[in-house]
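Me: Could you walk me through this fold with a few questions and answers? I would like the reasoning along with the results.

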Amino acid sequence: MHLLSDTGYYVVDNLPVPLLPNFLAFSAGAGARFRKTALLLDIDSAEAQQLLMPLLATRSRAAGKVELIFLDADTAVVVRRYSETRRPHPAFDPDQDDSIQDAIFRERERLQPVKEQADLVLDTSDFTVHELKRRLREFLGSLGVQNSYALRVNFLSFGFKHGVPIDCDLVVDVRFLTNPHFVDSLRSLTGKDEQVREYVFRSPDAGEFVNRYKELLMFLLPRYQLEGKAYVNIGIGCTGGQHRSVAIAEALSEALITEAGGAATDQSNYLVSVHHRDLE
C-alpha cells in the first residue's frame, strides 16, 4: 500500500466490504482526486466475501478499470511472519482451531473464489520487500500507469568540526579544495556568495569533482529508486560548513536539476533540494 501511495494512488487501508459500493459511488463523482485509487479490503468473514463476489463479477461494467491483486504465501511462511511480528491471526477461532495453521487453512479455502477472480496473483513466499515492490511496479507498468513517484534528493552541506550528520545516505569530503577561510576578504562570506563560489571554482578540481560526482549520482539514483528508496540525503562536508561545502552543494543540486530535466516537474524523476546545516 505504501508503494501504491508513492505511485500516486489514493489509498484506503482495511476498507470494510459493506462500505465498498458506497465508496465507489462517491469516488466516481469526486473528480481527479480518486482517479487512481487503491483499496485494501477487509474480508474478515464469509459474509463479507459473499458481498464482495457479486461486485467482482460486475466490475467490468464499473466506471474506469478495476484490477484485483491477490497476495499469497506458503503456510509455513505465513506462520513465520506472524511469529516475527507477534500479531494474532485475525481468522483464528479457539473454538475451531488448534493452531494458527488451522486458521490459515480455513482462510485459504474461504478466499479461493476471490483468488480465482484476481488479475494478478503473487506468491510472496520467497520475496523480499524490494522484490515485491518491483513486481508490483511491473504490473502497474503493464496497465499503462504513469509513475508519479519522484525520488527526493537533498544535498546537505556541513562542517566536519561540528560533527557528521547522522541521517546522510552518502557523505563526501571536499576539504581537498583550497579553503576561502584563509582569504581575509572572503572569511565573513559564505559559499552562497558569488565571490566565494568564484574562488572555489577557480580550481579545476572543483568543476571536475562536480561533473564526476553528478555522473556517479546519475548511475546510483535510478538504482536506489528501483529498490524502492524514497529519499536520498547526500552530505557535503568541509571544515566549518561555511564556504566549500556550501558552494559544492549548491553546484551539485544545480547540475542534477539540469541533468534530470527540472527540480519538480512531471518530466523529472527527482525532486532536488539543498540545505546548509552550519551556515549560521
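**Rings, sheet and helices**

Reply: Happy to! Phe209 and Tyr213 both sit in helix α8, four residues apart, which is about one turn of the helix. Do keep in mind that this is a predicted model.

Me: How are the rings of Phe209 and Tyr213 arranged: stacked or edge-to-face?
Reply: Their ring centres are 5.5 Å apart, and the planes make an angle of 20°. Planes under 30 degrees apart count as stacked. The pair of Phe209 and Tyr213 is therefore stacked.

Me: Is Tyr213 buried or exposed?
Reply: Let's take its ring partner along: Phe209 has 14% relative accessibility and counts as buried. For Tyr213 the value is 10%. Buried means under 20%, so Tyr213 is buried.

Me: Which residues of α8 are buried?
Reply: The helix has 23 residues and reaches 34 Å from its first C-alpha to its last, close to the 33 Å expected at 1.5 Å a residue. Just after α8, Gly228 takes a positive phi of about 90°. The buried residues of α8 are Ala206, Phe209, Val210, Tyr213, Lys214, Leu217, Leu220, Leu221 and Gln225.

Me: In the open sheet of four strands, which strands stand at the edges?
Reply: The pairing is parallel and the order is β6-β7-β5-β8. An edge strand here has a single partner, so one side of it is left without a neighbour in the sheet. That describes β6 (170–173) and β8 (270–276).

Me: By how much are neighbouring strands of this sheet turned against each other on average?
Reply: Ignoring direction, we can average over the neighbouring strands of the sheet. The result is 20°.

Me: What is the bridge partner of Ser157 in β7?
Reply: Strand β5 (residues 151–159) and strand β7 (residues 231–238) run parallel and are joined by eight bridges. Within that pairing, the partner of Ser157 is Ile236.

Me: What angle does the direction of α8 make with that of β6?
Reply: Helix α8 (residues 204–226) packs on the sheet and touches β5, β6, β7 and β8. Another helix, α9 (residues 244–260), lies across β5, β7 and β8 and runs at about 170° to β8. For α8 and β6, the angle is about 170°.

Me: Which residues does Asn154 touch, not counting those up to four places away in sequence?
Reply: Asn154 belongs to strand β5. Its relative accessible area is 4%, so Asn154 is buried. The residues in contact with Asn154 are Tyr231, Val232, Asn233, Ile234, Ser273, Val274 and His275.

Me: What kind of aromatic pair do Phe158 and Phe160 form?
Reply: A search of the whole structure finds six aromatic pairs. Phe158 is buried at 0% relative accessibility, whereas Phe160 is partly exposed at 22%. Their rings are 4.9 Å apart centre to centre, with 65° between the planes, and this pair is edge-to-face.

Me: Which residues form one aromatic cluster?
Reply: This one is a matter of ring pairs, and the whole structure has six of them. The cluster is made up of Tyr10, Phe23, Phe26 and Phe34.

Me: Where does α5 bend?
Reply: Helix α5 (residues 100–116) has 17 residues and spans 24 Å from first C-alpha to last, close to the 24 Å expected at 1.5 Å a residue. Its axis still bends by about 40°, with a proline, Pro113, following within four residues of the bend. The bend is at Arg110.

Me: What covers the buried residues of α5?
Reply: The residues in question are Ala103, Ile104, Leu111 and Val114. Their cover includes α3 (46–57), β3 (69–72) and α4 (75–85).

Me: Which residue stands opposite Ile69 in β4?
Reply: Strand β3 has a covered face, Phe70 and Asp72, and an uncovered one, Ile69 and Leu71. In a regular strand, side chains alternate between the two faces of the sheet. Four bridges join β3 to the parallel strand β4 (residues 120–123). Opposite Ile69 stands Leu120.

Me: How far apart are the C-alpha atoms of Glu254 and Ala76?
Reply: Glu254 lies in helix α9 and is partly exposed, with a relative accessible area of 38%. Along the chain, Glu254 and Ala76 are 178 residues apart. Their C-alpha atoms are separated by 51 Å.

Technical notes. Residues are numbered from 1 along each chain as its sequence is written. This is a predicted model: local features need pLDDT of at least 70, side-chain atom pairs count only at pLDDT 80 or more; totals for chains, interfaces and linings use all residues. Side-chain values use heavy atoms; hydrogens and water are left out. Two strands pair if DSSP finds at least two bridges between them. Helices (H or I, at least four residues) and strands (E, at least two) are DSSP runs, numbered from the N terminus. Axes are lines fitted to C-alpha atoms, for helices over the stretch in contact, and angles run from 0 to 180 degrees between N-to-C directions. Contact means heavy atoms within 4.5 Å. The expected span of a helix is 1.5 Å times one less than its number of residues. The bend at a residue is the angle between axes fitted to the seven residues ending there and the seven starting there. Buried means under 20% relative accessible area, exposed over 50%, partly exposed in between (1.4 Å probe, protein chains only). Rings of Phe, Tyr and Trp (its six-membered ring) pair if their centres lie within 6.5 Å; planes under 30 degrees apart count as stacked, over 60 as edge-to-face and the rest as tilted.
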